[in-house]
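Here is a short briefing for someone opening this structure for the first time. Keep the sequence and the 3D view side by side as you read.

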Amino acid sequence: MSGVKRVYAFGGGQTEGNKDMKFVLGGKGANLAEMATMGLPVPPGFTISCQACMEYYNATPPAFPEGLAEEIASHVAALEAKMAKKLGDDGDPLLVSVRSGSAFSMPGMMDTVLNLGLNDRSVEGLITKSGNERFAWDSYRRFIQMFSKVVLDAEGDLFENAITSMIHSRGVKVDTELTAADMRELVDTFKGIVAEHVSVEEFPLLAVDGVVAFPQDPTVQLRLAIEAVFRSWMNDRAVLYRKMERIADDLGTAVNVQAMVFGNMGETSGTGVGFTRNAADGTKEFYGDFLTNAQGEDVVAGIRQTRPIAELPEVLPEAGNELYAVFDILEKAYRDMCDIEFTIQEGKLWMLQTRIGKRTARAALKIAVDMVAEGMITREEAVLRINPAQLDQLMHPQFDTKATYDVIAKGLNASPGAAVGEVVFSANDAVEAAAEGRSVILVRWETNPDDLHGMDAAEGILTSHGGKTSHAAVIARGMGKPAVCGADALQIDAKAKRAAIAGTKIVLNEGDVISIDGTTGIVVLGAVNLVKPEMTGDIDTVLAWADEFRTMGVRANADTPDDAALGRKFGAAGIGLTRTEHMFLGERKDIIQDFILASAEGVRREALDKLLDVQTSDFLGIFEAMDGLPVTVRLLDPPLHEFLDSPRELEVEITREECEGVPAEKLAARRRLLAQIDSMSEANPMLGLRGCRLGIMYPELYALQVQAITRAACELKKQGKDPRPEIMIPLVSVRAELATLREETEKVVAAITAETGVQIDIPIGTMIELPRAAVCADEIGEVADFFSFGTNDLTQTTFGFSRDDIESKFLPKYLERKILPRNPFETIDGGVAKLVEMGARLGRGTNPKLKVGVCGEHGGDPESVGIFFGIGLDYVSCSPYRVPVARLAAAQASLAGKTKASDNR
Ligand code: PEP
Ligand code: MG
């Protein structure tokens, strides 16, 4: 027998726990103990610890821990003494509730049994004591129903059907019209259901004459109910909920056994739930609902019309006023908005639960700001209380929470926010429809840079393939557009402009309206009402406080002047990454194709000249939008063939042209083009001719970009502005790459400054996105002014995982089997974080002036931001819409102290 205490009493003058013990007593048990100690009216009981639940699971097969039954028995005896009642007594029986309650709230996921202790004898005692025969039989039938479902695994419908048949046969409308005799008959019917449907093999100890008899012994009832609550920790919905909420599986649930109080003993009784402030908008008012003559489930079941809690003092003045006083006491004690459950039994108030209340993002901000004004909490606490992920909600439209809808497909929640629109299957159709003023959702197998204009025109993006760092996901997040990616039930036939939903008869045709929610990853047929949460002044207030506490910088990733301006509006202190490849799309694609494919020097030169003009104007716009702030421009990074036609499509076209009788000469030219494109194709383009390797192979290309950057900056300087460009070389793995390209870059900058007569200092740095670069960062740091960790590629190359494929291939299995704790492309992995730490340390070792930041997608992930702060990076850079989230997360990291990189492993 373990010597560790596993059962803790509360209420009735003897309480053994407090609110800080939620990992032992669960949230419910810890808060019941706290309320009891505060002298609030809490029905006495005891809590069996979460550790006892884990002991149960640690046995093979799971088994009630040795000695626990004896410990429980002594607490039952103490409870009986406190209440001066006995379980199963036929004079004045003690009844108890048996409820789950883990350290983290898991609403409705685990099981509860009420009215335990009733049997054929004690029901008579309840009749005598309450003087209410119907109430007693109703309580007994509810107990059998709940116990059989939860503990004996009987189908709930069997009991519901029996009640419905009785309602029909009695010619009444609802169960409240059934009489005491009817309830008594239901008790017999329910016992019959148990005998017929519960398996003797599973419950041999309950067998009487070869069938399961509903247990009459309260000790047996209690033991089985406690075990059922333990078991409910591992039921499917609880396991799934924990996975979604990232709650550990080895915490276990506590079990609270508490003397029952009844809200269904007539009109002076009632039950309700409430919040000490409005949980939807944060207003300082009592908020909640109650019902008279009802038990707990009736309030949430929605069968009867509840009344607002503001009316309670009119209906039951004494209990109502006492409840309001309790609200104040609780809020002051917890220094936060509390959520409570109460029951009033014959005019007397009882508190059944309290906890810190869940709230919307909007309410969270208002409550935090109000509580600071009221002197209840400090500004630091206010900043720490806002969940950064929740803040994200405020930045995008959402499905109306009151809306009902059917989900037709699910994918990854790739870019937050919701959108409604007509389905289109090509980027051009999206642009055309948008030009006609129609809202569209662009539905693609996966997007590529060619789709950019369509993505821009669409309200939202839906793909059947690709993960959270796929092209569609990254671009949509950057644009602040909702996206659901990798919805693999979608069988898209883009040519025929339709998509079938696998496993259903649904076919989406062009023009059909759908709604997508990129926050949850769902796709809905038809239009769901959207709400755009208001950006109130509270968000600004909290973020201004956050900025005071924050030491790490936050920049935005932006490729256009509009995005740059947005990032600035959301509080970015500069641009951490401008991806220049997006500037080579649309009509410019032809120009760059000319450069790549032409062998004649004249054609190549002409192409470069054209590109120089357009690039210069791109940079003018961005530097102007970010006047006075740094803008890190990354030179061209993707494999060049991304700018060329797809060889597969070209081949099909050539065959078609051949059939159509196109002249041989023209065909030969087309074939030469195909051969040239084919010759550029690589088995692993992501590991191929890309990044700085392009700069080495095509020095003119990088020179052109450097010229455009420098010219734009000089031009603005001449106008009296303050442009602050920084040039970033991607995908460096050896010092010599950067040293060579740095030298060439400096020459071009010097030439332009000499030509324009404008003096400008342009820092030159590199991305660290390959393991070798991180490991040899001391060497690379010698020739760099800054490092920016490209954690997307660094994750890809450290693991050897393809960032474009993993989420739709094996990642789900890896997460399910806990081989990986989370998606490493979303939250920085401990191993990759070690490389970031090593790279930053080694780089600064040889170059103490080195500025170090992150510009991968992790820069907008609150948990990763905390880790980067712990490593000591100077800034994180993320999409403009995530800038507020990163500002808050960075402030929280400063306030909470450093998070060691190794903690995340
Ligand atoms: C990265 O690899 O983290 C990065 C920012 O670059 P990209 O996503 O453009 O490859
Ligand atoms: Mg990269």
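The points below cover helix packing, a ligand site and two backbone features. The model is predicted. Three helix pairs are described: helix 22 with helix 26, helix 5 with helix 6, and helix 3 with helix 8. Ligand 1 has 13 residues around it.

**Helix 22 and helix 26**

- Helix 22 spans residues 601-625, and helix 26 spans residues 699-718.
- Their axes come within 8 Å and cross at roughly 40°.
- That angle makes helix 22 oblique to helix 26.
- The crossing of helix 22 and helix 26 is right-handed.
- On the helix 22 side, the contact uses R604, L608, L611, L612, Q615, T616, F619, L620, F623 and E624.
- On the helix 26 side, the residues include L701, L704, A708, I709, A712, A713 and L716.
- Charged residues of helix 26 also take part, among them E700, R711 and E715.
- By class, this contact of helix 22 with helix 26 has 13 nonpolar, four polar and five charged residues.

**Helix 5 and helix 6**

- Helix 5 covers residues 133-150, and helix 6 covers residues 156-170.
- The two axes come within 9 Å and cross at roughly 155°.
- Angles over 145 degrees count as roughly antiparallel, so helix 5 and helix 6 are roughly antiparallel to each other.
- Helix 5 contributes R141, Q145, S148 and K149 to the contact.
- Helix 6 contributes G156, F159, E160 and I163.
- The contact of helix 5 with helix 6 has two nonpolar, three polar and three charged residues.

**Helix 3 and helix 8**

- Helix 3 is made of residues 68-83, and helix 8 is made of residues 218-232.
- Helix 3 and helix 8 pack at an angle of about 120°, with their axes 12 Å apart.
- That makes helix 3 oblique to helix 8.
- The crossing of helix 3 and helix 8 is right-handed.
- From helix 3, the contact residues are L68, A69, I72 and V76.
- From helix 8, they are L222, R223, I226 and F230.
- Seven residues in the contact of helix 3 with helix 8 are nonpolar, none is polar and one is charged.

**Ligand 1**

- Of the 13 residues that surround ligand 1, the closest are R579, G790, N792, D793 and R803.
- The side chain of R634 has an N or O atom 2.9 Å from an oxygen atom of ligand 1.
- T791 places a polar backbone atom 3.0 Å from an oxygen atom of ligand 1.
- G790 has a backbone N or O atom 3.3 Å from an oxygen atom of ligand 1.

**Backbone features on either side of helix 3**

- T60 and P61 are joined by a cis peptide bond, with omega about -10°.
- P61 sits in the loop between helix 2 (50-58) and helix 3 (68-83).
- A84 has a phi near 55°, a positive value in a residue other than glycine.
- A84 belongs to the loop between helix 3 and strand 3 (86-87).

Note on methods:
Residues numbered from 1 in each chain as written. Chains lettered and ligands numbered in written order. Predicted model: local features only at pLDDT ≥ 70, side-chain atom pairs only at ≥ 80, totals over all residues. Heavy atoms only, no water. Axes fitted to C-alpha atoms, helices over the stretch in contact; angles between N-to-C directions. Helix = DSSP H or I, 4+ residues; strand = E, 2+ residues; numbered from the N terminus. Parallel < 35°, antiparallel > 145°, perpendicular 65-115°, else oblique. Left-handed = near helix turned anticlockwise from the far one by under 90°. Contact = heavy atoms within 4.5 Å. Nonpolar A, V, L, I, M, F, W, Y, C, P; charged D, E, K, R; others polar. Near = heavy atom within 4 Å. Polar contact = N/O pair within 3.5 Å; in protein donor to acceptor, adjacent residues only side chain to side chain.
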